Amino acid sequence: MNLPKRAEDAHATLAAAYNTGDVATVMNMYDVTGIIVPEPGKPVSGKEQFEEAIKAILSIKGKMEIKTVYCLQTGNIAVGRSEWNITDGNEVKISAKGIEVMKQQADGTWKIVIDQAFGAEANLVA
């Protein structure tokens, strides 16, 4: 899997990675020194916790779709707002509104440093 060369492509690349079902492919999208929030109010950091969080999300059978609401970039940092879901046929397994902070790598590609998958939910209490 190729990492995105533009910050605004990170959401589509992440969805494609999840849809491979391959933990290593998804892990490649993240800077594991950052933070992922796989469940509301439960942030985790570090390679092992990222891998556990990703395996849990991958265990939800279906197709992930991520819509980019906006992506703002300044220099090598960007913030994106997403609306995402995992569906199995007509059944929506999970749906949320997220916020992601991305950082451009030395090779020009982008990785997600902070993934608050539920960060834009109006009723979220952190």
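Two strands count as paired if DSSP finds at least two bridges between them. The legends below describe close-up views of a predicted model.

**View 1. Strands β3 and β4 pair in the antiparallel sense.** Strand β3 spans residues 77-88, and strand β4 spans residues 91-104. The two are joined by 12 bridges. One bridge partnership sets Ile-86 against Ile-94 of β4. Two residues lie between the strands in this hairpin. Here Gly-89 takes a positive phi near 65 degrees.

**View 2. Strand β4 also pairs with strand β5.** Strand β5 covers residues 110-116. Its pairing with β4 is antiparallel and runs over six bridges. Glu-100 has Asp-115 of β5 as its bridge partner. The hairpin of β4 and β5 has five residues between the strands. Gly-108 takes a positive phi near 95 degrees in this hairpin.

**View 3. Gly-80 is a buried residue of strand β3.** Its relative accessibility is 0%. Buried means under 20% relative accessible area, so Gly-80 falls in that class. Leaving aside residues up to four places away in sequence, Gly-80 touches His-11, Tyr-70, Cys-71, Gly-98, Ile-99, Glu-100 and Met-102. The contact with His-11 links positions 69 residues apart in sequence. The C-alpha atoms of Gly-80 and His-11 are 8.3 Å apart. Glu-100, another contact of Gly-80, is the bridge partner of Asp-115 in β5.

**View 4. Ile-54 is buried in helix α3.** The relative accessible area of Ile-54 is 0%. Its contacts are Tyr-18, Val-23, Val-26, Met-27 and Tyr-30, not counting residues up to four places away in sequence. Gly-98 provides a reference point for distance. Ile-54 and Gly-98 are 44 residues apart along the chain. Their C-alpha atoms are separated by 15 Å.

**View 5. Glu-51 and Lys-47 form a salt bridge within helix α3.** The N to O distance between the side chains is 3.7 Å. Helix α3 spans residues 47-58. Glu-51 and Lys-47 are four residues apart in this helix, so about one helical turn separates them. Glu-51 is partly exposed, with a relative accessible area of 24%. Lys-47 counts as exposed, at 53% relative accessibility. Ile-54 is found in this helix too, but Ile-54 is buried.

**View 6. Arg-6, Glu-8 and Asp-9 are linked in a network of salt bridges.** Side chains of opposite charge can pair when their charged atoms come close. Arg-6 bridges to Glu-8 at 3.3 Å, N to O. Arg-6 also forms a salt bridge with Asp-9, with the closest N and O atoms 2.9 Å apart. Arg-6 is partly exposed, with a relative accessible area of 44%. Glu-8 is partly exposed at 36% relative accessibility. Asp-9 is partly exposed as well, with a relative accessible area of 27%. The structure as a whole holds seven salt bridges. Among them are the bridge from Arg-6 to Glu-8, the bridge from Arg-6 to Asp-9 and the bridge between Glu-51 and Lys-47.

Methods. Residues numbered from 1 in each chain as written. Predicted model: local features only at pLDDT ≥ 70, side-chain atom pairs only at ≥ 80, totals over all residues. Heavy atoms only, no water. Salt bridge = Lys/Arg side-chain N within 4 Å of Asp/Glu carboxyl O. Buried < 20%, exposed > 50% of the residue type's maximum accessible area, 1.4 Å probe, protein only. Contact = heavy atoms within 4.5 Å.
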